[in-house]
Structure formats: structure tokens, C-alpha cells
Amino acid sequence: MIKLIRGFRDILPGDVELWQDIEAKARVLLENFGFREIRLPIMESTDLFSRGIGTDTDIVEKEMYSFPDSKGRGQTLRPEATASVVRAYIEHGFAGSDPVQKFYTIGPMFRHERPQKGRYRQFYQINAEMYGVASPLADVQIMYMLHLFFTGLSVPDVVTHVNSLGCPECRPKFRDALTAFVSDKTDRLCSDCQRRAKTNPLRVIDCKVPGCKEAVEGAPSIQDHLCQDCREHFEAVIKGLDNLSVPYEINPRLVRGLDYYTRTTFEVQTSLLGAQNAVAGGGRYDGLVKILEGKDTPAIGFAIGFDRLAALLGAEEKDFTVPPPLFVAALGAEAQKIAFDWLCAFNAKGLRAEMDYEGKSLKSQMKQANRFRVGHVLILGETELQNNKAVLRNMDTKEQVEVALDGLVDQVIALINQG
Ligand code: ATP
Ligand code: MG
């Protein structure tokens with residue numbers, strides 16, 4: 001038997017309804033905030049990610065699904081969406097019409113990581129990206145929107161961790177201080193961090209390995225190294241979050257795995273997901289549009305981890321199937337023919353209805369209706385047919401009403417919609 005590839009999974013009916021509900025709410029909120037949907041391919045040139053995300057990151061070093069096309073050109077299943085959105089922003093000349101643009105996109109990402117709970121090789125993200133606004137108001141609006149999204153879904157126990165990563169002016173000084181700090185602790189670091197200590201020391205303070213966490217206790221804090229402009233930007237962000245009553249925690253240890261972040265970075269965390277505690281992450285990436293050969297344009301965005309969010313919201317309930325409101329039960333060939341026409345008419349008019357296609361006994365049809373957990377059963381047997389009436393049975397109250405065959409479909413829809 002052919003099975004799923006490791007790290008990949010199916011989202012089945014019963015679960016998918018929860019996903020649909022989350023997605024519908026995300027779309028409404030994002031569009032209320034002025035974000036427009038952009039749909040992008042899941043495969044791009046490898047260069048887009050190696051240049052955009054940075055070669056010293058976990059993603060580019062070891063997590064990408066890359067393979068050559070028939071001419072040997074590198075292509076990659078997207079590990080994240082930001083670089084692709086930036087590419088589209090530049091490629092379609094959005095900056096020319098109005099540099100301020102807000103986009104969102106929802107879809108699968110691919111990373112070759114070790115699969116575990118909350119960590120898959122194909123996973124889904126809801127991304128929002130905003131271009132052309134350098135003001136801290138953009139940072140505040142984005143974090144406020146994210147906060148509304150999680151509270152609107154009643155996600156339990158979430159806190160937004162915020163930090164600033166500084167800018168090309170102040171970050172190198174912090175990096176030097178950090179390099180000096182870790183240089184005599186390399187023997188206590190994991191093998192990845194021993195390498196990172198030289199190439200990308202910020203990543204060492206982000207490492208989840210307990211030994212590394214201990215080794216970097218007392219490391220210099222970026223908060224002590226911000227330049228005047230970055231400090232003012234950060235303070236304005238914090239003030240804005242206070243004004244809108246967004247709960248946050250300043251976390252000087254929060255750095256993000258991707259190189260392109262500048263200034264504000266944030267991560268929404270929950271204690272309910274165990275080790276995979278981040279449900280969303282994002283930040284400002286003022287340098288990225290230029291890195292990818294567009295005009296120098298400030299930008300900020302985030303990605304929500306859809307799989308982890310669905311796991312959080314689905315932890316208690318197991319089945320999100322919505323029962324159909326109606327089952328049509330018919331007995332005898334003549335009745336079944338009529339019932340099928342009704343079924344098609346109900347479906348066409350937007351009422352979800354089911355029936356038995358096989359001519360089973362009434363008893364087994366009623367069993368089937370119960371399995372569907374329908375609200376009503378419409379019964380058409382030989383007697384009913386003779387009387388020109390069908391019976392509509394409310395499965396909760398067990399009440400039955402007769403409905404004339406003439407004009408039945410609209411009549412039944414009206415009765416069901418009445419409750
Ligand atoms: P982590 O530290 O958990 O690896 P990350 O920093 O790699 O996260 P981002 O690139 O910021 O994650 O992606 C944003 C969100 O996407 C994360 O907060 C997480 O919820 C989700 N996510 C990232 N990688 C995976 C994965 N392999 N499987 C499921 N969800 C993921
Ligand atoms: Mg990761």
C-alpha cells in the first residue's frame with residue numbers, strides 16, 4: 001500500500017471544517033484591515049530564498065526542498081512566503097503605483113525538518129505583509145490585528161513577545177559584543193551553534209538546546225545596543241501597544257531565524273503547545289526589498305502557523321463535521337425517482353440534503369439518517385405518494401408534519417429554515 005511521505009499529512013473532513021472556519025475569519029479580519037489577497041506559486045527560484053532569507057539560516061542551510069529543473073536551474077518549494085511576496089511586489093511594479101501596499105496569502109510551506117508534534121514538512125501559514133510604511137504605526141497595527149485574530153478565535157493563553165533587532169547601524173555592534181561573549185563558551189554549545197557562533201551569533205541566543213540556553217545566560221542584550229532611532233521606534237511601538245491594550249512581553253532574547261528582520265520582531269507564544277510554542281512570528285524587514293533588487297522600501301509582516309493554531313483550537317473537540325439539515329427517505333422505485341429530483345433541487349437551492357441511492361429498507365435509511373445526525377427526515381412511501389403528501393419529521397422533537405407534493409421543495413426549505 002502506498003502511504004503518505006514522512007512529515008506530510010492529510011487534513012480530513014471532520015477536521016477541515018475547523019480549518020475552514022479559521023481561514024474564513026482570517027480573511028474577514030485581514031480584509032477589514034485593508035489587506036488584499038495575493039496567490040503565489042509554491043515553487044520559486046532557489047536564489048530567491050538563499051538571497052532573501054540568508055545563507056546562514058537553518059532554512060537555507062538544511063530545510064529547503066530544492067531540485068534542478070531539466071536545464072539544471074535550481075528551484076525550491078517555498079519554505080516561507082515573505083520572499084515570494086516581495087518578489088511579486090517588485091516584479092509587478094506595485095511600488096510604482098503606490099508604495100504602500102498590504103497583502104495576505106494563505107497556503108502550504110515546505111521545510112525538511114525533523115517531523116514531530118506541531119512540526120511538519122508541509123505545513124500551512126496565514127501571511128500578512130505591509131509595504132511602504134516606516135512608521136511604528138504599521139508595527140502597532142499589525143500586532144493589534146494579530147491580537148484581535150487570536151482573541152476573536154478565543155485562543156487560550158497567548159502572549160505576544162516583542163523585541164527589536166536594531167538596524168544595520170546598531171546591530172553590528174551588538175553582534176560583535178555577542179561574538180565576544182560566546183567565543184569562550186563554544187565548547188558548551190551544540191554543534192550547530194559552534195558554527196553559528198562565528199557565522200550568525202544571534203542565532204545562538206535563539207537556540208532551543210538546553211545546553212546552549214544555559215551557556216548564553218547573561219549574554220549582552222540587544223536592548224542595550226539600540227541606536228537612538230531604533231530606540232525611539234521601539235518605544236513608539238510599545239506605547240502604541242499600551243494604547244490599544246495589546247498584552248505583550250518585552251523579550252530581549254527574541255531573535256528570529258531569518259536574516260532579513262530589522263527593528264521590531266515579535267512572536268505569539270502559548271504554553272499549551274509544548275516545545276513547539278510559537279503560533280505566529282513576524283517583524284519588520286526594511287532591507288529585504290532592496291536585497292531583492294527593488295527600491296529601498298520599508299516592510300513588515302507576520303506568519304501564523306495554521307497547523308499549530310488548528311491543534312490548539314481542536315484540542316478538546318474531536319469532530320467538527322457539520323450535519324446536513326435534511327435526509328430524504330423514499331420507499332419504492334416511483335418514490336425514489338421523485339426523491340432524487342427533490343435531492344437535486346434542495347442541493348441546487350443551497351440546502352444540504354442526503355439520501356440513500358441503493359433502494360434500502362426504510363429502517364436502514366432511518367439508521368443512515370441518524371448516522372448523518374440530520375435535523376429532519378423527509379419521508380415518501382407508497383401511502384404518502386397516494387395521498388399526494390410527504391412527511392417531514394423533526395429528529396429532535398420527533399414531531400411530524402405533512403407537506404403537499406405540489407411545491408414541496410420550497411415548502412420544506414421554509415419549514416427547515418423556520419427552525
Ligand atoms: P520554530 O521556531 O517553531 O521553528 P520558525 O521561527 O521556524 O518557528 P517562522 O518561520 O517564523 O517559524 O514561521 C511562522 C510560524 O509558522 C511559526 O510560528 C510556526 O507556528 C509555524 N511553523 C514554522 N515551521 C513549522 C513546521 N515545520 N510545521 C508546522 N508549523 C510551522
Ligand atoms: Mg523553524
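**Exercise 1.** State in which sense strands E7 and E8 pair, and place them in their sheet.

*Solution.* Strand E7 (residues 158-164) pairs with E8 in the parallel sense over 3 bridges. Strands are DSSP runs of E with at least two residues, and helices are runs of H or I with at least four, both numbered from the N terminus. Two strands count as paired if DSSP finds at least two bridges between them. Within this pair, Thr-160 stands opposite Tyr-248 in E8. Next, the sheet: 8 strands form an open sheet with mixed pairing, in the order E1-E5-E6-E11-E10-E9-E7-E8. Strands E1 (36-37) and E8 (248-250) are at the edges with a single partner strand each, so one side of each has no neighbour in the sheet.

The model is predicted: local features need pLDDT of at least 70, side-chain atom pairs count only at pLDDT 80 or more, and totals for chains, interfaces and linings use all residues. Residues are numbered from 1 along each chain as its sequence is written, chains are lettered from A and ligands numbered from 1 in the order written, and side-chain values use heavy atoms, without hydrogens and water.

**Exercise 2.** Find which residues of Arg-111, Arg-119 and Arg-308 have side-chain N or O atoms at what distance from an oxygen atom of ligand 1.

*Solution.* Start with Arg-111: the distance is 2.8 Å. For Arg-119, the distance is 2.9 Å. For Arg-308, the distance is 3.1 Å. Finally, Arg-111 is also among the residues that come nearest, of the 15 around ligand 1 (a heavy atom within 4 Å).

Conventions: Polar contact = N/O pair within 3.5 Å; in protein donor to acceptor, adjacent residues only side chain to side chain.
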